[in-house]
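The following exercises are to be worked with the sequence and the coordinates at hand. Each task is followed by a solution in steps.

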Amino acid sequence: LGAKGITLLFTEGDPDSFSVRTCLVAGLTHFFILCVAFGMSVSAGIFIPLLFIGACLGRAVACTCNNVFGIDVINLDPRTYAIIGAAATLGGVVRVLISLTVIITSTTSLSYFMTPVMVATLAAQNVGNWVSGRPGIYDIILQLRGVPFLEEECPVGARHANIRARNVMSPGVVTIGTQMNVKELVNTLRRHHYSDFPVVDKGGGGDGALLGIISRLDLLALLSQKKIFFSNEEEDGGGEGDRRFDRSSSLEEMTLSYSELDRARSKRPLPTGNEIGSDLTADDEKMYLHLAPYMQMAPITLQAHGSAERAYEIFRSLGLRSMLVVDKRSRPIGVIKRHELACLEEIGVHKHKVEKRKRESIVYRNISEFKSQFE
């Protein structure tokens, strides 16, 4: 009904095709239904209904002016007002300008309507901002669902404030070594539900420097491949038949190929909670895993003293899910996610200006006192 109705409202040139009452009743009815159905857990959109409502109201305005002033005097084309009304209604709700203008002019094949459609959409956007004081409907939905959407530009308050990566990161990173005991790895996966784990140098004399990162999916896949388990001779003192890393079995023989790892990752469903490692025996839990061949080397990191604005730009340009923060010795000390960067928008825009003026005044007074000693 919506698509066919929009087509008729856009193409019927006869002013008597739809009366003012018909357009108002249809537009207000769809508006009421849209308000009720949009917030429900049903498959209902907002794009086509808003276009239909705007087309009805725009055509009603044109027909009303023709009836009041007379067709011989004013003679407004109801099709034009239907198109402009549809664009303005949708633009006032979703608050988009360029893309909506392109969509309207492309679907109607009226390229010369680009200027009036853009003017109407811009006016509707400004009126919507002035009336509600809130962003568009899609931005509000993201806020209600807690989705950390990052704008194109870093918030002004975060740019001027001296905020470092260590100020916005989440401390307490869970790290693993290149060689992990199977039982310890299972316990780590059960306790922590992170999607990625940093791999650090925990060997003899290691300072915990970051070596790479490995995903939770790969760790679960490796735990299902018992053939790559090996025993640690120094800790277990294993018997003759035990598999020892780099002794009776070479590194190549105990490393999965990419195709084997991909097949192991594709197994569904993946274990969760206490299901992780439930198929392992007591002997399996005493074995070890070599994780170095499967980790992603040189992940994207940021120094702790790096600016939060730089972290924002990296997230925005590369589309990252998370980024590790390291100290001067390349040891991971925290992680930054989109939720932390989204909190930068809460920093006051005017507060930093006041503090900056205070600092400048103090500096100026100190400089003046310093100069007066030599005059």
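A residue is called buried under 20% relative accessible area, exposed over 50% and partly exposed in between, with a 1.4 Å probe and protein chains only. The model is predicted: local features need pLDDT of at least 70 and side-chain atom pairs count only at pLDDT 80 or more, while totals for chains, interfaces and linings use all residues. Residues are numbered from 1 along each chain as its sequence is written, and side-chain values use heavy atoms, with hydrogens and water left out.

**Exercise 1. Classify the aromatic pairs Tyr194–Phe197 and Tyr112–Phe113, and the accessibility of each residue in them.**

Step 1. Rings of Phe, Tyr and Trp (its six-membered ring) pair if their centres lie within 6.5 Å; planes under 30 degrees apart count as stacked, over 60 as edge-to-face and the rest as tilted. The structure holds three such pairs.

Step 2. For Tyr112 and Phe113, the ring centres are 5.3 Å apart and the planes stand at 80 degrees, so the pair is edge-to-face. Tyr112 is exposed, at 59% relative accessibility, whereas Phe113 is buried at 12%.

Step 3. For Tyr194 and Phe197, the centres are 6.1 Å apart and the planes stand at 65 degrees, so this pair is also edge-to-face. Tyr194 is partly exposed because its relative accessibility is 35%; Phe197, at 1%, is buried.

**Exercise 2. Establish the strand order and pairing of the sheet that contains β8.**

Step 1. Helices (H or I, at least four residues) and strands (E, at least two) are DSSP runs, numbered from the N terminus. The protein chain has 17 helices and 10 strands. Two strands pair if DSSP finds at least two bridges between them.

Step 2. The order is β1-β10-β9-β8, an open sheet of four strands with mixed pairing. Its edges are β1 (170-171) and β8 (301-303), each of which pairs on one side only.

Step 3. Take the pairs in turn. β1 and β10 are antiparallel over two bridges, and Ser170 has Val335 in β10 as its bridge partner. β9 and β10 are antiparallel over five bridges; here Val326 is partnered by Pro332 of β10. β8 runs parallel to β9 (residues 322-326), joined by three bridges, and Gln303 stands opposite Val326 in β9.

Step 4. Examine the β9–β10 hairpin. Five residues lie between its strands, and Ser330 takes a positive phi near 65 degrees.

**Exercise 3. Which face of α15 is buried, and against which elements does that face pack?**

Step 1. List the buried residues of α15: Ala308, Ala311, Tyr312, Ile314 and Phe315.

Step 2. Look down the helix axis and take the directions from the axis to the C-beta atoms. The buried residues fall within an arc of 165 degrees, so they line one face of α15. As background, an α-helix has 3.6 residues a turn, so residues three or four places apart point the same way.

Step 3. Count a contact where heavy atoms lie within 4.5 Å. By this criterion the buried residues of α15 pack against α9 (165-168), β8, β9, β10 and α16 (338-342).

Step 4. Note the end of the helix: just after α15, Gly319 takes a positive phi of about 65 degrees.

**Exercise 4. Describe the nonpolar cores and the contacts of Ile83.**

Step 1. A nonpolar core is a set of buried Ala, Val, Leu, Ile, Met, Phe, Trp, Tyr and Cys residues joined through side-chain atoms within 4.5 Å.

Step 2. The largest core has 28 residues, and those with the most contacts inside it are Phe10, Leu51, Ala55, Ile83, Leu90, Ile104 and Val117. Elements giving two or more residues to this core are α1 (2-11), α2 (20-37), α3 (47-69), α4 (78-94), α5 (98-108) and α6 (114-132). The most comes from α3, with eight residues.

Step 3. Ile83, leaving aside neighbours within four places in sequence, contacts Phe10, Ile104, Thr108, Leu110 and Phe113.

Step 4. Another core, of 27 residues, lies apart from the largest one; Val174, Met180, Ile228 and Ile276 are among its residues.

**Exercise 5. Is Gln225 buried or exposed, and which residues does it touch?**

Step 1. Gln225 lies in the loop between α11 (216-223) and α12 (233-236).

Step 2. Its relative accessibility is 15%, so Gln225 counts as buried.

Step 3. Not counting residues up to four places away in sequence, Gln225 touches Leu256, Ala264 and Lys267.
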